[in-house]
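Q: Could you take a close look at how the two domains of one chain sit against each other, and then follow a single helix in that chain?

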Amino acid sequence: MIGRFFLKMAAATWQAAPRGPTNVLAKAGGGVHVPPHERFVLDNGVTLLIVPRRDVPLVAFNAVLRGGSLGDQPAKPGVASLLAGLLEKGAGKRDAFAFADAVEGVGGSFAAGANAESISVRGQFLARDQQLMLELLADALLRPRFEAEELETLRARHIDMIKAAKDADPSELIGLYGRSFVFRGHPYGSPVIGSESSLAAITQQDVLDYYAANFGADRLTLVFAGDVDSSWLRRMVGKHFGRWKKARTPEPQLVAATRVRGREVLLVDSPGAVQTHFWIGNVGVDRRYRQRAALDLVNTLYGGRFTSIINTELRIKSGLSYGARSGFARGTVAGEFAIHSFAETENTEKALDMTLQTLGGLKRDGVTGDMLESARAYVLGQYPLNFETAADWAGALGEVELFGLGPEYIDNYGSELRRVTLQDTRQVIDEAFPAPEALAIVLVGDAARIREQVRRYGAVSEMTLTQPAFDPRERVVSSA
Amino acid sequence: MRNLFTSFFRHLASPRSSGVALESAVPGRESVRATTLGNGMRIIVWPVHDIPNVALYNWVRAGSRNEAPGITGLAHFFEHMMFNGTSRRQPGEFDRLMEAQGGANNAFTSDDVTVYQDWFPRGALEVVFDLEADRIANLAFVREVVESERGVVTSERRLRVDDNNPGFLGEQVQAAAFVAHPYRFPTIGWPSDIEAWRLSDLQNFFKTYYAPNNLTLVLAGDLVPERVFDLARKYFEPIPRQTAPQPVRAREPDQLDERVVVVHRKAQTPLLQYAYKAPAAADSRAAAVNLLLSILVDGDASRLHRSLVEDQRAAIEVSGHWQEGFDPGLLWLYLTLPEGADPTHTRALLDAELGAVARNGVTAAELSRAKNLTSAGFWKKLATIDGKAQLLGEFEIFHGDWSKLFDAPGQFEKVTREDILAVAREILDPKRRTVGVLLPELET
């Protein structure tokens, strides 16, 4: 079954991209209000949010531990991600199979993963199984086993998964190359999932050290949404998590990355590839960016929907590509603005030129009143679809807490969208969108066929797709 | 199109990755309304007022199954052309108007159907009906637009097949698995066919398959059914009925022995795919087939994941898919192997596991887990208006009646271990499978 628009690309670039901010909140809007909920802070620092919704007998949870891959040693990215995967590979009295069987046996779900700024564990159970749910969650967070054999199996799998992704679709990975290139020396540049070479170097001790330093009550936010009895749940959370100690180290702090000046090109060689994927980006804006509503509207117009400026040029008008998208990742500090698309190898230059022209056009001409109204209707019209289920609310509120934002971040979004003026759009175009002269450009394609052409875009660094890292500084000398 | 990496990236992605089992009574049967227009078009409406939005699915009974050599990929090409203008509207206007009303859309094509999806605020209902009916009544066939869209589809093919090892192998396996039935055609189309369609091919296909009597429109969301029916009568009923499409008469002859396809490609990780001949969607054993597949590959506690991925480390990922179509199709198993692994070794382990299931069946715990997981997936879908519209359509199209949706949990509950054993024996027969192996190409 194949679909019309490459929605997966959006997912690969902005969501599956193993970096913090998901785009759930980016789409919150007017008319959506955070449902009535309770918020408690336990004596040891655990933050607990309870969102009762009794329409279906389900409970969704989202446990967010602040830290994420910020807690990785710079030389060994991937520890937080591997650790997250191991949380469900044996904990408390259950080995890996018994744990999976306990979850799946009752039709529950339980999945842990790392982002740049947090590790989160998410899942959903029948309301009648919430005692089991709490027990499993507490075991995974407080009593993970981190057995050497499980670690070895998962580590080997993660390495081969990256290799398999390279064999299948560069869309899955191009953001990792892009962020490594833009955020050199900054934690946002580290691949959260690690690289083949960094994963190979990770030891059991690395995982234990990370856990000792970064896991603890003061780092944890628990969100439960669904068919819950609030007072019972509060008691049970106290019982399971009330005696947990604080994390041994303070939370890692972030400083803002500096923007790329001028143009730089990273060419990732995939010999024989019939099309070139490209990722064009620079440092954007952070989660508290005051013009976030205008930002979302302008990005919607530039690269956030089917009729966006770049999809119109690259797909609708020219037929050069199956799709083109842009977006902002906004963390505690500014993440990236990036454009991603792809075109047949021989059209690499044409597609790149077209993309840069659209960016220049946006910077020069801005957007029109009609465009602004269309984007406003679009973002407002789509927003409620992001807040349909208890699991949606557990996810959104966990993110609000992670960034210290408060429910008004969701509640006020609609009125902010309605107030955006053309002047506001001009401001965000000036502030947040990079100039076409200041960009990092990452290309994954057949270097032998495009190397000469891409020199005109800036100084070219080169690496191969099979090189076991996403960082161009770990260059290998190719035979070319 | 399936994605072998879903589970790896799953935890980093969508918040909608969870779901859960419930009791088997499905609410909503009484509120669903359906009607058939004078021209034969079916309209089904499920009013749900949780959010002020609507999900619309327009099901077209046309997929790559309805194609012929020389025009493969045509059904999918329409999935693109349906957005490219009518005699009333310029190319691109469909999307511009919909988005300006707060709506978004998408579409997908399979071996059996082409489906158009819109998600929009309730106030946009009439605009959406106007747009949807216009492209059925007045689709334009402009040469320059067709040529540009060929480029888009070729780009899509490069992405999904030519530069994509799992996609490339799957296409070869599917082509080898069928000798008579059009299920052998890749939905995206063979490259030479994508280059060669003529305008007359497009016009003939459209007239036949995009006739109102070949469409089923399903809506779920903040709606009043009578209002929807009024709009359907206003916008769709004037479109004339056409002669019903010729049925697909081809019946795949029995497969006599295992077929093996080996391809060498630039790769770091070898791939292994098994495609077993399997029943059609409407088969009475459908629930048992789904549960068998779930027992084999769903979750970390599943048979094949536990054995091949965790215990033996002979694969890094195992997944599966039953192509539930109008005609008997394929039940797929997809394995990604570690770098340097010997596919012969993995095959031997896989064969041993599958042989054991076909010989001895499954345990009560395995069946119970699969029922709970399947039920959880069902309820997770039903939690959204999008899922409701999709499920209603699937039951109407592939099972002949939307109301069977409300009996689905009961169908799963009834399945016994004996039922699982029976479908396992029938389906997991090595003689009725096509095996695909993708190996890293030899250094020259």
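A: In this predicted model, the centres of domain 1 of chain A and domain 2 of chain A, taken over C-alpha atoms, are separated by 26 Å. Domain 1 covers residues 7-241 of chain A, while domain 2 covers residues 263-464. Where they touch, 51 residues of domain 1 of chain A are in contact with 50 residues of domain 2 of chain A. On the domain 1 side, the elements of chain A that give two or more residues are helix H1 (7-15), strand E3 (47-52), strand E4 (58-66), strand E6 (118-126), helix H6 (174-182) and strand E7 (220-226). Of these, H6(A) provides the largest share of that side, namely seven residues. Sorted by class, the side of domain 1 of chain A that touches domain 2 of chain A consists of 27 nonpolar, 17 polar and seven charged residues.

Turning to the single helix, helix H3 of chain A spans residues 96-105, and its buried residues are A:Ala96, A:Phe99, A:Ala100, A:Val103 and A:Glu104. Seen down the axis of H3(A), these buried residues fall within an arc of 115°, and therefore they line one face of the helix. Within chain A, the buried residues of H3(A) pack against strand E5 (109-114), helix H4 (130-142) and helix H5 (148-168), and they also pack against helix H11 (303-311) and helix H13 (364-382) of chain B. After H3(A) comes A:Gly107, which has a positive phi near 75°.

Terms used: Residues are numbered from 1 along each chain as its sequence is written. Chains are lettered from A and ligands numbered from 1 in the order in which they are written. This is a predicted model: local features need pLDDT of at least 70, side-chain atom pairs count only at pLDDT 80 or more; totals for chains, interfaces and linings use all residues. Domain bounds come from an automatic or database domain assignment. Two residues are in contact if their C-beta atoms, placed from the backbone, lie within 7 Å. Helices (H or I, at least four residues) and strands (E, at least two) are DSSP runs, numbered from the N terminus. Ala, Val, Leu, Ile, Met, Phe, Trp, Tyr, Cys and Pro count as nonpolar, Asp, Glu, Lys and Arg as charged, and the others, Gly among them, as polar. A residue is buried if 20 or more other C-beta atoms lie within 10 Å of its own, exposed if 12 or fewer, and partly exposed in between; C-beta atoms are placed from the backbone. The arc is that of the directions from the helix axis to the C-beta atoms.
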